[in-house]
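Work through the exercises below with the sequence and the model side by side. Try each task before reading its solution.

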Amino acid sequence: AAIIAPSLYLFAWGFPKLVDHVIMPVIEVIERSLTKTEIGVIVVIGATLLPIPLLTKLPPIWLAAIVFDFWSAFIQIEIAAVLSIITFWIGKRWLQRYARRFLRRY
């Protein structure tokens, strides 16, 4: 309890400052320098390249939810999830065959 209370206080004090002073200015710069289409492509690619279940897709979801409306962000993340599942399936299905053939030869 002696460690949890100060940690919660530090999180409650530090997280809003992090959002206000670091994350929001970065998102504002991104919004000014890129079009919505480019941001959408970056979000989908970013979420697709993180297919590991233990690695969260929170940063692309957060960016999409701030820049776009909720449903557009939801659709983008769902597309990215489907793409990551498809790439995993392709890798498991076909690349495994080629890897086995290669290992049999050597």
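## Exercise 1: Two aromatic pairs

Phe74 is partly exposed, at a relative accessible area of 38%. Buried means under 20% relative accessible area, exposed over 50%, and partly exposed in between (1.4 Å probe, protein chains only). This is a predicted model: local features need pLDDT of at least 70, side-chain atom pairs count only at pLDDT 80 or more, and totals for chains, interfaces and linings use all residues. Residues are numbered from 1 along each chain as its sequence is written, and side-chain values use heavy atoms, with hydrogens and water left out.

Task: find the aromatic pairs and classify each one.

Step 1. Apply the rule. Rings of Phe, Tyr and Trp (its six-membered ring) pair if their centres lie within 6.5 Å; planes under 30 degrees apart count as stacked, over 60 as edge-to-face and the rest as tilted. The count comes to 2 aromatic pairs.

Step 2. Take Phe11 and Phe15. Their centres are 5.3 Å apart and their planes meet at 25°, a stacked pair. Both sit in helix α1 (residues 4-33), 4 residues apart, or about one helical turn. Phe11 is exposed at 55%. Phe15 is partly exposed at 34%.

Step 3. Take Trp71 and Phe74. The ring centres lie 5.7 Å apart with the planes at 85°, so this pair is edge-to-face. Both residues belong to helix α4, 3 residues apart, about one turn of the helix. Trp71 counts as exposed at 57% relative accessibility.

Step 4. Recall the helix geometry. An α-helix has 3.6 residues a turn, so residues three or four places apart point the same way.

## Exercise 2: The buried side of α2

Task: describe helix α2 and locate its buried residues.

Step 1. Set the element. Helices (H or I, at least four residues) and strands (E, at least two) are DSSP runs, numbered from the N terminus. Helix α2 covers residues 36-48, 13 residues in total.

Step 2. Check its length. From first C-alpha to last, α2 reaches 18 Å, close to the 18 Å expected at 1.5 Å a residue. The expected span is 1.5 Å times one less than the number of residues.

Step 3. Which residues of α2 are buried? They are Ile39, Gly40, Val43, Val44, Ala47 and Thr48. These residues cover an arc of only 165° around the axis, which puts them on the same side of α2. The arc is that of the directions from the helix axis to the C-beta atoms.

## Exercise 3: Two residues of α4

Task: compare the settings of Gln76 and Ile85.

Step 1. Place Gln76. It lies in helix α4 (residues 70-105). Is Gln76 buried or exposed? At 13% relative accessibility, Gln76 counts as buried.

Step 2. List its contacts (heavy atoms within 4.5 Å). Leaving aside neighbours within four places in sequence, Gln76 touches Gly40, Val43, Val44, Ala64 and Phe68. Gly40, Val43 and Val44 are among the buried residues of α2.

Step 3. Place Ile85. This residue is also in helix α4. Ile85 is exposed, at 57%. Its C-alpha atom is separated by 8.6 Å from that of Thr48, 37 residues away along the chain.

## Exercise 4: The whole chain

Task: summarise the fold in numbers.

Step 1. Count elements. There are 4 helices and 0 strands.

Step 2. Gauge the extent. The C-alpha trace spans about 60 × 45 × 25 Å along its principal axes.

Step 3. Gauge burial. Of the 106 residues, 19% count as buried.
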